[in-house]
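Biologist: Could we go through this model together, beginning with the ligands?

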Amino acid sequence: MNITFCCTDTKAEPWLAGLRAALPQATVTEWQPGAPPADHAVVWAPPQRFLDEQQGLKAMFNIGAGVDALLKLRLPPSLKVVRLDDAGMSVQMAEYVCHAAIRHFREFGGYEADVAQGRWSYRKPRARTDFPVGVMGLGVLGQRVAGALRQFDFPVRGWSRSAKAVDGVACYAGPATFHDFLSSCRVLVNLLPLTPETQDILNRDTLSRLRPGAYLINVARGAHLVDDDLLALLDGGHLAGATLDVFRTEPLPAGHAFWKHPKITVTPHTSARTLRDESIAQIAGKILALERGEPIAGLVDPARGY
Ligand code: NAP
Ligand code: GLV
């Protein structure tokens with residue numbers, strides 16, 4: 001069995017060593033133009049030439065959860081595309097989102113500013129029941145995040161394409177419920193995949209429907225958010241602030257208004273990192289399952305976009 005590795009901006013050696021250790025029966029090599037055909041591929045943002053040359057692949061494993069960049073390429077119609085299915089990401093996402101939501105709810109930013117001025121001051125405790133948190137996307141990451149927020153007794157709502165039942169979470173499904181979902185939220189967390197349906201979904205109209213003083217946490221993709229609409233709603237006072245981990249252009253360009261905006265916290269696309277060992281174990285397990293003719297989880301539906 002031949003496995004080819006083609007991951008842009010990723011140091012290949014540790015991945016090749018890990019895959020060889022997990023699959024000693026396989027030949028694992030880094031892809032070069034003109035390389036012989038492989039059975040399976042491990043990829044991140046491969047060039048179109050890679051796909052044009054590797055037409056005989058049985059499956060292509062993305063070393064991330066989001067496949068929006070991959071689906072922009074011309075893929076052989078029968079190729080199985082497999083996304084990372086948690087692999088250690090959901091706990092990171094839960095801690096990131098809870099940290100951002102709690103930092104806002106408890107006004108820790110304000111306390112830090114006070115302390116920096118040498119001021120010992122109290123703020124009036126806010127009612128948790130008055131801080132409903134809405135999670136857009138109730139998939140692998142969204143459900144874990146919703147569950148973690150529940151542990152802090154926030155009222156939690158979730159919105160997805162198909163109907164869901166998640167313990168302790170008020171679930172909304174489909175476009176017809178979107179406005180009701182939004183108008184109930186005081187904190188909005190975006191964990192949708194980027195698809196033609198969800199691009200620009202965080203815009204002036206949708207964000208205006210959040211409760212006054214709402215807070216946005218975008219941890220999915222930068223192209224979900226219309227940057228200027230967010231800035232207008234922050235400056236106009238409808239939104240209290242935002243924590244942004246993802247951006248239309250990454251790295252976030254120098255001089256972009258988000259860098260220094262007093263109501264925006266920026267992190268460099270780090271909310272849920274790909275963990276190499278967990279990912280290799282998951283991918284190796286799935287390659288072996290496919291070779292035995294067994295079904296696997298995490299298959300992407302290119303027509304749906306995720
Ligand atoms: P997932 O398991 O595929 O879940 C996606 C969820 O979004 C599902 O609940 C799906 O609904 C819902 N959804 C999709 N299209 C929708 C639409 N048009 N309207 C309403 N709901 C819709 O994905 P995941 O593993 O949770 O990951 C989510 C995203 O997080 C990834 O695509 C990626 O962009 C992002 N991400 C970011 C980082 C980071 O470090 N910032 C790390 C990992 C992932 P159904 O359940 O009905 O299908
Ligand atoms: C990271 O953004 C991922 O999609 O895994």
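Modeller: The conversation below covers the two ligands and then two individual residues.

Biologist: What should I know about the conventions?
Modeller: This is a predicted model, in which local features need pLDDT of at least 70, side-chain atom pairs count only at pLDDT 80 or more, and totals for chains, interfaces and linings use all residues. Residues are numbered from 1 along each chain as its sequence is written, chains are lettered from A and ligands numbered from 1 in the order in which they are written, and side-chain values use heavy atoms, with hydrogens and water left out.

Biologist: Which residues come nearest to ligand 1?
Modeller: R83, L141, S162, K164 and Y306 come nearest, out of 31 residues around ligand 1. A residue counts as near when one of its heavy atoms lies within 4 Å of the molecule.

Biologist: Which polar side-chain atoms lie by a nitrogen atom of ligand 1?
Modeller: One of S271 does, at 3.0 Å. A backbone N or O atom of V219 is 2.9 Å from a nitrogen atom of ligand 1, and the side chain of S162 places an N or O atom 2.5 Å from an oxygen atom of the ligand. The protein buries 92% of the 940 Å² that ligand 1 exposes when taken alone; the areas come from the Shrake-Rupley method with a 1.4 Å probe.

Biologist: Where does ligand 1 lie with respect to the domains, and why?
Modeller: Ligand 1 lies between domain 1 (2-87 + 274-291) and domain 2 (89-266), because both give residues to its shell. The domain bounds come from an automatic or database domain assignment.

Biologist: Which element gives the largest share of that shell?
Modeller: That is α5, with 3 residues. At least two residues each come from α3 (89-105), α5 (140-151) and β7 (156-160). Helices (H or I, at least four residues) and strands (E, at least two) are DSSP runs, numbered from the N terminus.

Biologist: Turning to ligand 2, which residues are around it?
Modeller: They are G64, A65, G66, M89, R221 and H269. By class, this shell has 2 nonpolar, 3 polar and 1 charged residues. Here Ala, Val, Leu, Ile, Met, Phe, Trp, Tyr, Cys and Pro count as nonpolar, Asp, Glu, Lys and Arg as charged, and the others, Gly among them, as polar.

Biologist: How far is H269 from an oxygen atom of ligand 2?
Modeller: A polar side-chain atom of H269 lies 2.6 Å from an oxygen atom of the ligand. Backbone N or O atoms of A65 and G66 also lie by ligand 2 oxygen, at 2.7 Å for A65 and 2.8 Å for G66. Of the 200 Å² of accessible area that ligand 2 has on its own, the protein covers 86%.

Biologist: Back to K164: is that residue buried or partly exposed?
Modeller: K164 counts as partly exposed because its relative accessibility is 31%; buried means under 20%, exposed over 50%, and partly exposed in between (1.4 Å probe, protein chains only). K164 sits in the loop between β7 and β8 (169-173). The side chains of K164 and S162 share a polar contact of 3.0 Å (a pair of N or O atoms within 3.5 Å; within protein, one must be able to donate a hydrogen and the other to accept it, and residues adjacent in sequence count only if both atoms are side-chain atoms).

Biologist: And N62, buried or exposed?
Modeller: N62 counts as buried, because its relative accessibility is 2%. N62 belongs to strand β4 (residues 59-62), and a polar atom of its side chain lies 3.0 Å from the backbone oxygen of G64.
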